[in-house]
Amino acid sequence: MHVLLVEDDLALGAALAQGLDQAGWRTVWVRRLKEAREFLKEGQGLGTLLLDLGLPDGEGLRLLHELRGQGDNMPVLVLSAQNDLDTRLRALREGADDYLVKPFAFTELIARLQAVARRSSGFASSRWQVGSLCIDTHARKVSVDNLPVSLSPSEFVLLLELVRKAGKVINREYLVDYLRCGSFNALEVHVHNLRSKLGSRWVRTVRGVGYLLSGGAEPSAGSA
Ligand code: CA
């Protein structure tokens, strides 16, 4: 899972970025709204936003307001030393998914981060199904036609991303970056392995563009 951490405090930001990385969250840490906006513009892979409110170039809530105004539903967890009811309510009204008051225990941050990411990722529960393909995101289990399928972590992440954006073409550049696999060739290997494990009908190639989850329809007789 990816996190964009927006925190101007050097010591806190560095500690959080390191801790999050160690806890398995791929973390990008920025210290200004301007940098956060730049990342959000390009970085479709940044799953959850951890947002400080008092930033050198403005209020964190402005960024939240902009995001929600653009219809962006990315999970947002506000981290702030401001503990007054007014600010907390304002953050929630602007569309924050949760609000954590500094100082906080790192374990609580992780617990809330997981909850927020899970709730907001489009998986109301941890189970997801398309046709005979079932995914339990919590237990990290996948099955097709009730038969368990064992996926590598990269294949699992790839499948989840395809499922999350089912029906839409996800471009190759984005997936290479998202999986941090380095090249189109490496991505093709993951796709190939995923297909050989799930069956070829789930992942469709859009030549020169990317991939999409096809919903598992069998190709009709006679089609290429
Ligand atoms: Ca601050």
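A residue counts as buried under 20% relative accessible area, as exposed over 50%, and as partly exposed in between. I'm keeping that at the top of the page for the entries below. I'm also noting that this is a predicted model.

**Entry: the calcium site**

I started with the metal. Which residues coordinate the calcium ion? I found Asp 8 (OD), Asp 52 (OD) and Gly 54 (O), at 2.2 to 2.3 Å. Along the sequence, those donor residues follow the spacing D-x43-D-x1-G. I then looked at where Asp 8 and Gly 54 sit: Asp 8 is in the loop between β1 (2-6) and α1 (10-22), while Gly 54 belongs to strand β4 (residues 54-55). They are 46 residues apart, so I wrote this pair down as a link between distant parts of the chain.

**Entry: accessibility at the site**

Is Gly 54 buried, exposed or partly exposed? Its relative accessible area is 42%, so I count Gly 54 as partly exposed. Asp 8 has 22% relative accessibility, and because the buried class needs a value under 20%, Asp 8 goes down as partly exposed too.

**Entry: α2 and α3**

Next I checked a helix pair. The axes of α2 (residues 33-42) and α3 (residues 60-69) come within 10 Å and cross at roughly 25 degrees. That makes α2 roughly parallel to α3, because angles under 35 degrees count that way. I noted the crossing as right-handed.

Which residues meet there? From α2 I listed Leu 33, Ala 36, Arg 37 and Leu 40, and from α3 Gly 60, Arg 62, Leu 63, Glu 66 and Leu 67. I sorted the residues of this contact into 5 nonpolar, 1 polar and 3 charged.

Key. Residues are numbered from 1 along each chain as its sequence is written. This is a predicted model: local features need pLDDT of at least 70, side-chain atom pairs count only at pLDDT 80 or more; totals for chains, interfaces and linings use all residues. Side-chain values use heavy atoms; hydrogens and water are left out. Axes are lines fitted to C-alpha atoms, for helices over the stretch in contact, and angles run from 0 to 180 degrees between N-to-C directions. Helices (H or I, at least four residues) and strands (E, at least two) are DSSP runs, numbered from the N terminus. Angles under 35 degrees count as roughly parallel, over 145 as roughly antiparallel, 65 to 115 as roughly perpendicular and the rest as oblique. A crossing is left-handed if the near helix is turned anticlockwise from the far one by less than a right angle, and right-handed if clockwise. Contact means heavy atoms within 4.5 Å. Ala, Val, Leu, Ile, Met, Phe, Trp, Tyr, Cys and Pro count as nonpolar, Asp, Glu, Lys and Arg as charged, and the others, Gly among them, as polar. Donors are N, O and S atoms within 2.8 Å of the metal (3.2 Å for Na, K and Ca); water is not among the atoms, so sites may look incomplete. Buried means under 20% relative accessible area, exposed over 50%, partly exposed in between (1.4 Å probe, protein chains only).
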